[in-house]
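This report introduces a structure to a reader who has not met it before. It turns to the cysteines, then to the charged pairs, and last to the nonpolar interior.

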Amino acid sequence: VTAPRIVIRFVRRLASWEDERPLEELQRLEFRNRDGTPDLKPSVYLVSDEEQVLTQIYAEHCATPPIGLDTRASCIDTQGCAARLLDTDGSPRFAFARDAHREYDIDDLASLIGFVGRLRERVKERQVRLVTKERTVAYARGRVTAGDPEWVAVAQLGERDWLSALRKFIPQAANE
Amino acid sequence: VRAKWGELCEEMFEYLADEHPSQLVRLLLSKRMPVSDLTFAAEIAGRIDDSNMVRPVLLGLLAHPDSVVREGAIYGLARHVDAAVASKLRRLADMDLSAAVRSAASDLLAATP
């Protein structure tokens with residue numbers, strides 16, 4: 001049996017989705033670029049709904065600056081909330097994340113707020129599951145220990161504390 | 001700063017945290033920020049090295065009425081946990097009305113030696 005495909009978005013604040021806050025505020029919390037402009041190309045991943053797949057995609061997502069691993073992840077299945085889903089490259093560091101990456105193509109702020117409203121309508125059903133920080137770190141450590149070249153390269157760069165901490169698990173052979 | 005960004009945003013908060021940390025703290029204390037900015041400013045303030053500067057402000061935000069601000073303050077406190085913060089986190093983990101805040105507080109306590 002093949003697991004269903006889902007289009008997941010890692011949420012910024014789990015608390016954003018708990019309350020009936022205005023949609024404009026929810027958009028500002030969850031769909032804004034770092035320069036404050038509305039995020040009209042929300043980044044998502046098309047993956048199968050399996051725990052190990054979600055862990056892998058979250059670990060690879062977090063190992064790509066400026067994203068870090070500060071907390072657990074909660075992801076929402078965004079399927080059916082916007083019309084245009086573009087196949088765009090994700091993290092250049094990981095083939096799996098690169099292939100799974102997609103972006104919605106949303107026309108303007110009004111359409112984005114409509115998208116946010118559709119997401120929230122059935123948010124309880126859409127909340128896929130949590131990926132814990134511990135599981136994410138354990139996954140990354142396992143990949144480094146196994147000498148996975150993508151993860152060894154990221155550990156060697158060590159741009160974030162949690163990535164630097166992986167260095168000690170790099171096998172000798174991968175360093176040669 | 002205003003000329004560069006025009007409005008409050010994460011890039012601005014990061015710049016202030018790195019270059020003018022006391023200004024970011026002042027902004028956090030101003031009570032003029034919308035919650036959608038305050039939560040990210042609180043998290044980003046956590047990268048300020050001076051715990052004595054940032055910890056009291058973030059501790060205060062743990063009592064903010066909006067759960068997204070409390071959640072952001074918890075993330076910001078990750079590098080600044082002391083006995084007072086741990087005590088407050090335990091209360092939040094047990095009693096906060098928001099499940100997201102309870103789980104964020106539990107996670108931070110679990111990650112703190």
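In this predicted model, the sulfur of C81(A) lies 14 Å from the closest cysteine sulfur, that of C75(A), which is too far for a bond, and C81(A) itself is buried, with 1% relative accessibility. The sulfur of C62(A) also has its closest cysteine sulfur in C75(A), at 11 Å, again too far for a bond, and C62(A) is buried at a relative accessible area of 1%. Over all chains, the search finds zero disulfides.

Charged side chains do pair, and the count over all chains comes to 22 salt bridges, including the following.

| Salt bridge | N to O distance |
|---|---|
| E25(A) and R21(A) | 2.5 Å |
| R32(A) and D37(B) | 3.0 Å |
| D49(B) and R79(B) | 3.0 Å |

R21(A) is buried, at 5%, whereas E25(A) is partly exposed, at 23% relative accessibility, and these two residues belong to a salt-bridge network with D19(A) and D66(B). The pair of R32(A) and D37(B), both buried, meets in a salt bridge that crosses between chains, from the loop between α1 and β2 of chain A to helix α4 of chain B. D49(B), which is exposed at 64%, forms its salt bridge with R79(B), and this pair links distant parts of the chain, 30 residues apart.

The largest nonpolar core has 58 residues, and F115(A), L24(B), L28(B) and I74(B) have the most contacts inside it. Helix α4 of chain B gives the most to this core, with seven residues. Another core, of 30 residues, lies apart from it and includes C75(A) and V131(A).

Technical notes: Residues numbered from 1 in each chain as written. Chains lettered and ligands numbered in written order. Predicted model: local features only at pLDDT ≥ 70, side-chain atom pairs only at ≥ 80, totals over all residues. Heavy atoms only, no water. Core = buried A, V, L, I, M, F, W, Y, C linked by side-chain atoms within 4.5 Å. Buried < 20%, exposed > 50% of the residue type's maximum accessible area, 1.4 Å probe, protein only. Helix = DSSP H or I, 4+ residues; strand = E, 2+ residues; numbered from the N terminus. Disulfide = S-S within 2.5 Å. Salt bridge = Lys/Arg side-chain N within 4 Å of Asp/Glu carboxyl O.
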